[in-house]
Amino acid sequence: MKISPPRIWRERYNYYMLRITQCLDCGRASYPTSLTCPYCGSSNIRTVNSSGLGEVITYTISYFRIEGQEDEVPKVIALIKLREGAIVLGEVVDVGLSEIREGLEVEAVLRRLKIDGNSGLIWYGMKFRPIIGAGIPT
Amino acid sequence: MLSSNTYIISSALIRVGRYFNKSYKDLIRELVAELNKDLPIHDYIDYVVVSNVFSDSILEQLDISTMIIQELNLTPKPAVRVEAGESSGLMALKYAHSLIKSGMTSTVLVIGVEKLVEYPTTVVNKYMVRLLNSDVEGRYDIVTVNEAALLMKLYMKKHGHSREDLTIWPIKMHENAVNNPYAQLRNRITKEQVINSQIISDPLRLFDVHPLGDGASAIVLTNNKELMSKVGTGCVELIDVLHASAPPLTHRSDLLSLPASKYLFSKLGNYGVDLSDCVLEIHDSYTILAYLIVEELGLSDRGKAPYVVTDIKNINLSGGLKARGHPVGATGVYQVAEVHRLLTSGLGSIKLNNSWGLVHSMSSIDNNAAVALIRRCG
């Protein structure tokens, strides 16, 4: 077993909902959730689900090959600024290598991340794709 | 007689490389054979601190420090493994320094060892993912090289650099490594080779990335002045080892800053370090990081590092992580051993008269950072 059931259950909000922390003092947002604001240290925070909508700050096309996932390269990895202000690292899918660009508007989409053999769990999580419809439900 | 100061009195290194026919124990045996030439280490070592990152992943071995003690027949001496990502080597040095400064022990052997090429590169790459946050980067298998690529793009855009502009660093590192007998890549390279090499994570190419190699290095740290006359090829004083941490990349107000390293460099003035009289070894795991470190050190204005690195003479004379190599857990110990050699008996044919040595290490994109300050004795 390579994927821990309690772990993906515990982290379900971060993995499936892109839950972010909003600071009620400095106003900045961050991902993943934390007990205090990573920018100002305030514990006057609230957690909300991100709209999942954002914009590509910059991106790289990666050919870095990892055992068992050789077929996934090239893949597009991007720094994305969510509309709520939080910056996240993520993979952009359903995009041609000539279509990816800085400023591209993207939306979060639930995708398969990893598979644990033929009988283990499938780990899902948020990736991003160019906006074609609504964001994830909040 | 014990001094209130701590000294590095000897060092041992093997050339970083691909040792398919040697185990980590074989590599350490070679180091110890070199150290034993003066006096058997059994006679004077009180404690062993081992820096290693991937023993549980790649070697399927926990408690590697005890295995090493047993292999060297050093029982009942105590040993411990230190792991703090890519900065492990300097963190091990910090641990050893603390043992001596606290008065708990007098002479410590610090060993850095890493076996990476036990498996093909794609397997080692899988373990490299673990250097980042497994809840964030790990689930997408994002690695440091990807983050370095993102920073390189931001840097090129912000400061108007072409891809060619950024080839100076790897060319310089390969040039330096020619003179370092312990470097993995001792060949000169050209601008064309850099920009035409395989893309790893665009715009980072193969020659912007540290190679994978096995390595082992060791230093002896002591406050025992009598020992200095019996062991080693010259001493340097270990003034201090500083370390700090930084927020994750996505939480930084300036993505092109290295907050932990910057914080540590701001402390150098307290020690009277003169960078112009300093041998520098910095953590250039990826080309872009070298430029950012040079700028954080104040050796260049923001965005100008590619234009000034040619004129900075005493930086990474080893060839750096780029060309000496980056056997992850061993790297920091290599850097310190190289500075010890540069300021005493010489590293290969290179010998310097500088008063200071500064070793900088960090994990991933400055998730944590460490600096060792070294001063010529007398």
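Colleague: Which residues does Cys26(A) touch, not counting residues up to four places away in sequence?

Modeller: Cys26(A) touches Cys37(A), Tyr39(A) and Cys40(A). Contact here means heavy atoms within 4.5 Å. This is a predicted model, where local features need pLDDT of at least 70 and side-chain atom pairs pLDDT 80 or more, while totals for chains, interfaces and linings use all residues. Residues are numbered from 1 along each chain as its sequence is written, chains are lettered from A and ligands numbered from 1 in the order in which they are written, and side-chain values use heavy atoms, without hydrogens and water.

Colleague: Why is Cys26(A) called partly exposed?

Modeller: Buried means under 20% relative accessible area, exposed over 50%, and partly exposed in between, with a 1.4 Å probe and protein chains only. Cys26(A) has 34%, so it counts as partly exposed. Its place is in the loop between β1 (19-23) and β2 (29-30) of chain A. Strands are DSSP runs of E with at least two residues, helices are runs of H or I with at least four, and both are numbered from the N terminus.

Colleague: What about Thr250(B): is it buried or exposed?

Modeller: Thr250(B) is buried, because its relative accessible area is 7%, under the limit of 20%. You will find Thr250(B) in the loop between β8 (236-245) and α10 (259-266) of chain B. Among the residues it touches are Tyr31(A), Tyr39(A), Leu79(A) and Leu89(A).

Colleague: How do you know how much area chain A and chain B bury between them?

Modeller: Buried area is the accessible area, with a 1.4 Å probe, that two parts lose on being put together, summed over both. For chain A and chain B that comes to about 3200 Å², 58% of it on carbon and sulfur atoms. In chain A, Phe64(A), Glu67(A) and Leu89(A) lose the most area to chain B, together 21% of what that side buries. The contact takes 38 residues from chain A and 31 residues from chain B.

Colleague: What makes the largest pocket a pocket?

Modeller: On a 1 Å grid over the protein atoms alone, a pocket is an open set of points with protein on both sides within 12 Å along at least five of seven lines; a cavity, by contrast, is a set where a 1.4 Å probe fits but cannot get out. Lining residues have an atom within 4 Å of a point. A volume is the space filled by probe spheres set on the points, which are joined across faces, edges and corners. By that reckoning, about 940 Å³ of space lies in the largest pocket. Its lining has 30 residues, and Lys2(A), Gln69(A), Lys114(A), Trp123(A) and Asp141(B) lie nearest the centre.

Colleague: How is the lining of the largest pocket divided into nonpolar, polar and charged?

Modeller: Ala, Val, Leu, Ile, Met, Phe, Trp, Tyr, Cys and Pro count as nonpolar, Asp, Glu, Lys and Arg as charged, and the others, Gly among them, as polar. That lining has 10 nonpolar, six polar and 14 charged residues. β7(A) gives the most, with five residues.

Colleague: Why does the second largest pocket of chain B lie between two domains?

Modeller: Domain 1 (2-120 + 212-237) and domain 2 (142-199 + 239-376) of chain B both give residues to its lining, so the pocket lies between them. Domain bounds come from an automatic or database domain assignment. The second largest pocket holds about 580 Å³ of space, and 26 residues line it. The largest share of that lining, four residues, comes from α5(B).

Colleague: What makes α5(B) mostly covered?

Modeller: Six of the eight residues of α5(B) are buried, including Thr122(B), Val123(B) and Tyr127(B). The buried residues of α5(B) pack against α2 (55-58) and α14 (328-343) of chain B.

Colleague: And which of those words, buried or partly exposed, fits Leu18(A)?

Modeller: Leu18(A) is buried, because its relative accessible area is 1%. The phi of Leu18(A) is near 50°, a positive value in a residue other than glycine. Asp63(B) also has a positive phi, about 55°, although it is not a glycine. With a relative accessible area of 41%, however, Asp63(B) is partly exposed.
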